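Student: I'd like to go through the labels people put on a structure and ask what backs each one up. Can we take them one at a time?

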Amino acid sequence: MAKGILIAVSIGIATVLLIVIGTIWPVSTAVFFAGGPGLGGSASTPIAASRRLANEIHQHALAKAYSSLGNKAQFTEQEFVSDLTGSTLSLRTYATLDTYEVRPLHESANEAEIALRMHWSTVVGTFEETRDLHLVKNGDHWVVDWPLVKKPVVPPQVFAVNYLRWDVIYRGAGDDWGSQDVDAPHVRIIDMHPVNRAEGVVVLGELLNEDVVPAYVSVRATLLAKNGSVLASEDSFDKISHTLLPKQVTPFLIRFPGVDISQIASIRMDPISVLVSASADPVIEVQNQKFNGPPAASLNGQLSNQSGQIVNIAHVLTTFYDKNGQLVWVAGQYIDRALLPQTPVDFHIPVPADLAKNIANERTVVASYRSGSSD
Amino acid sequence: MRGLLRGTVKRTESVAPAAPPIPMYLIIMAAFAIHLPLLIKELPLASYDANFHIFFASHYVHHWFNPWNLKWFAGFSQTTYPPLPQQWVALISRLIGLNMAYMAVQMAVIVLLAVGVYRFSLLWVSPRAASFAALASVFLGSESFLVYSAGQLATTSAAPIYLNALPFLFQWVRYGKWRSFVKASVLFTAAAAAHHATLIFGSFFFAVPVLALVFLDRGDDESASTSGVVARTVTIVVFVAIAIAIVLLPFWISLIRYPVTQTPIPHASRANYILSPQWGMNYFVVPYGALILALPFLVVRGAMVPRLRPLLFGFWLAFLVGLGGTTPVGRVLLGRAFEVLTYERFSYWATLLALPILGSITADLVDRFHTRAIIPLSLLAAGTCALAVSWSTFHPADAANFDVQPVAQWLNRDGHYDFRYVTLGFGNKLSRLAVLTRANSVDGESNSARMLPELTKYGGGALTSSKYYEKAGLDSLRAMLHHADHYGLKWVIVRDSYYDPLLHFAGWRQVDSLEDKTITIWSKDGVPPAVPMNSEQIPPHWQGVLWGTLPFGSSILAILVLLIPESRDSEWDEDDTSVAQANLLSGRTV
């Protein structure tokens, strides 16, 4: 009897202890499902308070995050949510906070500045964002003042649009897309340049639509070895503007990870084009471009949507040239906020430092996505 | 069935007059009464994995001796998953179709579980208590959770076979009865053919307590000397291991050639159920149900009765592992395997191990309090079962119920099937679509079968649900779309506009729409028609013959050997008074 009681009590105590251990020091998978490290942590230090806020954002517990802010009286919860997720459909809308870093900038007894660098994951890739948080000590804990980015307000206005549009009439509703009766638009690769990088070979180039109709384009590159065998074959994926109006040029970039340029005897380029409906709208103007040289080489500028429709996602692609007009690099960036009419949005495209010194000028094109549009 | 019932370990009763056990036919009728209507309504089709099993079965319908399936992952081998229940579904489907065949097999499994629990419980408790345990199995939350929410046909098939084998293991190891040796070996092999993991982990949770019971019970029995017990244990372990190695040979070959090295995919059963209470509800409250209230009594009863202690320890261990990341036990015991396994089945096994003790407690309560016990216990059992059955409604595996037939028709016409496709936002309808279409996909739902680097490298699950795996899933999807030409992947079928921007910028164009534009079809230019791939992974013909013969044959053999009558052994019948005495004593402690 006594032995049985001892066993039962031991099992009970051991079970409780194991659960306590598993809760206080959870395994990594449990931490992942609970919302990441620092979950439910205290706000006893500026770093801890910043981490707690980031964790709440990570878990999409935005109401909780808002309620913890020190300056919440300055804006509504809706404005806070819009600041993080965007007021209209954009990359931010469905972005999830993948990882974050906090870096102290300044700290005194009652105030602190923390840089919160957030790595967001979206369907087209990741984007980074850094917010400088101001923290104030309130009793025994710290509270975060959120640096809200005010949404610009555009006054109501009416303006006429005057843009070109090309429609395609197919044979019938039963036709399969791609089996068209017309020739494919004439496109031509006007420049191609392989570059050896640490991660492998990168093929850069530019493609011109020399036809009088719009084209949906893509480029495939095949690396051939000296014996004629195929080393690798890749396509431009999203490093190209796929819709080209007549006489438009798009840069492209094709990566071949793990391939060294010394292995390559030749490169076969296969541009693909298909006739599609297209319009010149929306017109997106690139403004205030400025190239910053090494060490933190980048191209900064603004995009301005000149049309009356919202562009939900924009993709900036820039071709960088040397002083002789030779192609040096192609880089791009997705814009995480929607382009509202007449409302400039900043872009920032990093450039490899070793190539930056050769760059003399650049040319930028913008591909756009509008929700509900199949253009 | 008669063979199964005859093969049970008989227990003598105490000197006190005892109430009779609930007749098995009543228990089976209860199983039919509760589960048959639910199965006829095809409720399990809404579960996570039911369509996965039906998809595998659909392949066996057409290619019984060829496990190479072209429809997923640009070609994969079905030898990566034990085939027994799926082959039974395939066979029965020739009479009643795939869906109802799945339900028929699932119903048979539920009945077999009741029989198995009864026979297993007889090892530990009186026939009356065993009958209560068997009746409780019909209402078991974890069983209903696996059947109606998880759709784990393999797990729910293997466990009953395994439970039915254990009494024969006991008889063989304790008494050296060769008939029991044959029956145990065949049943263990059939259980492995249904689900290998059940056998591997069942050996620890179920078989070790039974072997411990042999030592506890042997007393002065000469036939159960220590050396004899050890020798017989080693004999059957070696024999069964060899049998399983042969019966599942293509599976082992596949596992050795292509070990699971992919980045682990997150599964919520590994969460800490206190830190993540929503998963605690899903993986603890629902499967255990009212059994949670009985846990302290289970532990006390199991600890107080010496014969029940091995069972208690088996239960406790399975219980702790079944808690996933709530305790460090699973991580410590399983190492890296912790990140690969899922833990709802451990909770299932824990509840099965608890049933004999629960049956014992229930019998005592009913005998002592009669109606005052029967009514609340019945309500608790019904509530547990109802919660688990209805959980698939409250917490559906796939919130959107839509018809994939139009998509299948689109893929099956105009040569669209010459290219591969991938779906986005289809959830577990992915498997249903694969059953209906002749086109092949690069995606699929079997994590152990997929070999494509785009799928194994990042830690995402099925591409169709990429967004739920966040960065890992989306990286995997982008990698696959990037290599579309290589795989002949021309069609992306989208039921979630979340993915539209990626397709738009990556060179895909919307070319068609279905179902009032709720499903859009995107295409990429210049993609060459799909060609056969992964040829080095194709099992040779002899493996296909083995795969189509031995696992299914093991189940047929199991049915046949159970028809061999048990000999009436007086020594066996009269030997176990210690059990009843222990039960009687324990009954007075409650």
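**Labels and the values behind them**

Tutor: Sure, and we begin with a helix pair: α2(B) and α4(B) are roughly antiparallel to each other. Keep in mind that this is a predicted model.

Student: What makes α2(B) and α4(B) roughly antiparallel?

Tutor: Helix α2 (residues 24-40) of chain B packs on helix α4 (residues 84-122) of chain B at an angle of about 150°. Angles over 145 degrees count as roughly antiparallel, so the label fits α2(B) and α4(B). The axes of α2(B) and α4(B) are 10 Å apart, and the crossing is right-handed.

Student: Which residues of α2(B) and α4(B) meet?

Tutor: On the α2(B) side they include Met24(B), Ile27(B), Ala31(B) and Leu39(B). The α4(B) side includes Met103(B), Ile110(B), Val115(B) and Tyr118(B). By class, the contact of α2(B) with α4(B) has 14 nonpolar, two polar and no charged residues.

Student: Why are α6(B) and α12(B) called oblique?

Tutor: Helix α6 (residues 141-150) of chain B and helix α12 (residues 277-288) of chain B pack at about 125°. Roughly perpendicular covers 65 to 115 degrees, and roughly antiparallel needs an angle over 145. The angle of about 125° fits neither label, so α6(B) and α12(B) are oblique to each other. Their axes are 6 Å apart.

Student: What residues does α6(B) bring to α12(B)?

Tutor: Gly141(B), Ser142(B) and Phe145(B) in α6(B) meet Val286(B), Pro287(B) and Tyr288(B) in α12(B). That contact counts four nonpolar, two polar and no charged residues. Gly counts as polar in this scheme.

Student: Now the sheets. What makes β1 and β4 of chain A edge strands?

Tutor: The open sheet of four strands runs in the order β1-β2-β3-β4 (chain A), with antiparallel pairing. β1 (96-107) and β4 (141-145) of chain A each have a single partner strand, so one side of each has no neighbour in the sheet. The twist averages 30° from one strand to the next.

Student: How do you know that β1(A) and β2(A) pair?

Tutor: Pairing takes at least two bridges, and 10 bridges join β1(A) to strand β2 (residues 111-122) of chain A. So β1(A) and β2(A) pass that cut-off. One example is Thr99(A), whose bridge partner in β2(A) is His119(A). Helix α3 (residues 46-58) of chain A lies across β1, β2, β3 (125-138) and β4 of chain A, running at about 160° to β1(A).

Student: Which strands are at the edges of the sheet β6-β7-β11 (chain A)?

Tutor: They are β6 (187-197) and β11 (249-257) of chain A, each pairing on one side only. This open sheet has three strands with antiparallel pairing, and its neighbouring strands are turned by 20° against each other on average, direction ignored. Between β6(A) and strand β7 (residues 200-209) of chain A there are 10 bridges, and His193(A) stands opposite Leu204(A) in β7(A).

Student: How many residues do chains A and B bring to their contact?

Tutor: 44 residues of chain B are in contact with 43 residues of chain A. Elements giving two or more residues to the chain B side include α13 (291-304), α14 (309-322) and β6 (509-514) of chain B. That side has 22 nonpolar, 11 polar and 11 charged residues.

Note on methods. Residues are numbered from 1 along each chain as its sequence is written. Chains are lettered from A and ligands numbered from 1 in the order in which they are written. This is a predicted model: local features need pLDDT of at least 70, side-chain atom pairs count only at pLDDT 80 or more; totals for chains, interfaces and linings use all residues. Two residues are in contact if their C-beta atoms, placed from the backbone, lie within 7 Å. Axes are lines fitted to C-alpha atoms, for helices over the stretch in contact, and angles run from 0 to 180 degrees between N-to-C directions. Angles under 35 degrees count as roughly parallel, over 145 as roughly antiparallel, 65 to 115 as roughly perpendicular and the rest as oblique. A crossing is left-handed if the near helix is turned anticlockwise from the far one by less than a right angle, and right-handed if clockwise.
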